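Reader: I would like to learn how to read the empty spaces in a protein model. Could you walk me through them?

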Amino acid sequence: MDLGHTQNRIEALPRAQARRPVTAASAICAELRDAIVSLELEPGAPLSEKDLTERFGVSRTPVREALIRLAEEGLVDIRPQAGTSVTRIPLSAIPEAVVVRQALEGALVELAAARAGADGAERLHKVIARQKLMTQLDDQAGFHEADEAFHETIAVLSGHPGIWRTVRQAKMQIDRCRRLTLPVLGRMSQVVAEHQVIADAIRTGDAPGARQAMQAHLQAVLPDARILAASHPDFFA
């Protein structure tokens with residue numbers, strides 16, 4: 001990945017329609033968040049207020065509001081003298097995020113195993129089938145979307161879909177790591193296999209087994225993060 005193409009990536013972001021300032025800030029924030037988490041905007045990439053105001057067709061106020069929100073989420077670094085940039089991935093934050101996911105998704109998957117039944121398990125297996133197809137096509141973006149759908153479906157089956165919003169907020173730095181791991185040979189197939197174990201435990205109503213499988217699945221990002229930090233030192237802090 002080439003940080004020299006950052007300007008081109010910013011210019012490729014879609015223009016937002018004219019909106020009230022608060023709405024515009026939310027829209028810009030969402031666009032930039034997606035670009036940062038997907039690594040379309042890479043760690044360390046500079047973010048120019050002037051370029052963003054021109055690209056989105058708004059004043060500087062909503063752009064600044066969006067950047068402040070992203071800074072609060074740990075995705076943007078605002079330094080008055082040095083400029084604004086995409087944060088590097090904080091390696092120290094990954095274990096904490098994994099613990100949060102294990103606690104929340106461990107509880108969700110136990111509840112899903114207790115109440116999902118055959119119909120719920122079938123919904124999960126359909127998502128896994130889509131992941132297998134994306135693996136065969138080497139469609140990393142499609143695979144990531146299916147991966148999100150798998151975990152969100154478990155939240156829905158648990159009866160507590162709102163918890164998924166909290167999980168998504170907690171795992172943004174993990175998602176940035178995962179975008180780097182997907183091109184690794186065999187990684188997508190490994191994730192599919194791990195999801196299969198989770199889905200099978202839900203199908204049989206094995207709540208403890210489902211939690212154990214989920215925790216093992218989420219733990220797998222930790223060694224990956226250390227390896228990625230060594231191979232992409234400019235992306236991590």
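Author: Gladly! Rolling a probe the size of a water molecule over the atoms shows where empty space is left. In this predicted model, the largest pocket holds about 470 Å³ of space. Its lining is made of 19 residues, with Asp34, Val37, Glu148, Arg168 and Asp175 closest to the centre. Two or more lining residues come from each of α2 (21-37), α7, α8 (163-170) and α9.

Reader: Which element gives the largest share of the lining of the largest pocket, and how do its residues divide by class?

Author: The largest share comes from α7, with five residues. By class, the lining has eleven charged, five nonpolar and three polar residues.

Reader: And how much space lies in the second largest pocket?

Author: About 180 Å³. Among the residues that line the second largest pocket are Glu73, Pro90, Val100 and Met172. Here α5, α8 and α9 each give two or more residues, and α5 gives the most, with four. The lining divides into six nonpolar, two polar and two charged residues.

Reader: Now for enclosed space: how many cavities of 30 Å³ or more are there?

Author: The count comes to one, with a volume of about 140 Å³. Of its 13 lining residues, Arg101, Arg178, Arg187, His217 and Val221 lie nearest the centre.

Reader: Which elements supply at least two residues of that cavity's lining?

Author: They are α5 (93-115), α7 (140-158), α9 (172-181), α10 (187-203) and α11 (207-219). The largest share, three residues, is from α9. By class, you will find six nonpolar, three polar and four charged residues in this lining.

How values were computed. Residues are numbered from 1 along each chain as its sequence is written. This is a predicted model: local features need pLDDT of at least 70, side-chain atom pairs count only at pLDDT 80 or more; totals for chains, interfaces and linings use all residues. Side-chain values use heavy atoms; hydrogens and water are left out. On a 1 Å grid over the protein atoms alone, a cavity is a set of points where a 1.4 Å probe fits but cannot get out, and a pocket is an open set with protein on both sides within 12 Å along at least five of seven lines; lining residues have an atom within 4 Å of a point. Grid points are joined across faces, edges and corners, and a volume is the space filled by probe spheres set on the points. Ala, Val, Leu, Ile, Met, Phe, Trp, Tyr, Cys and Pro count as nonpolar, Asp, Glu, Lys and Arg as charged, and the others, Gly among them, as polar.
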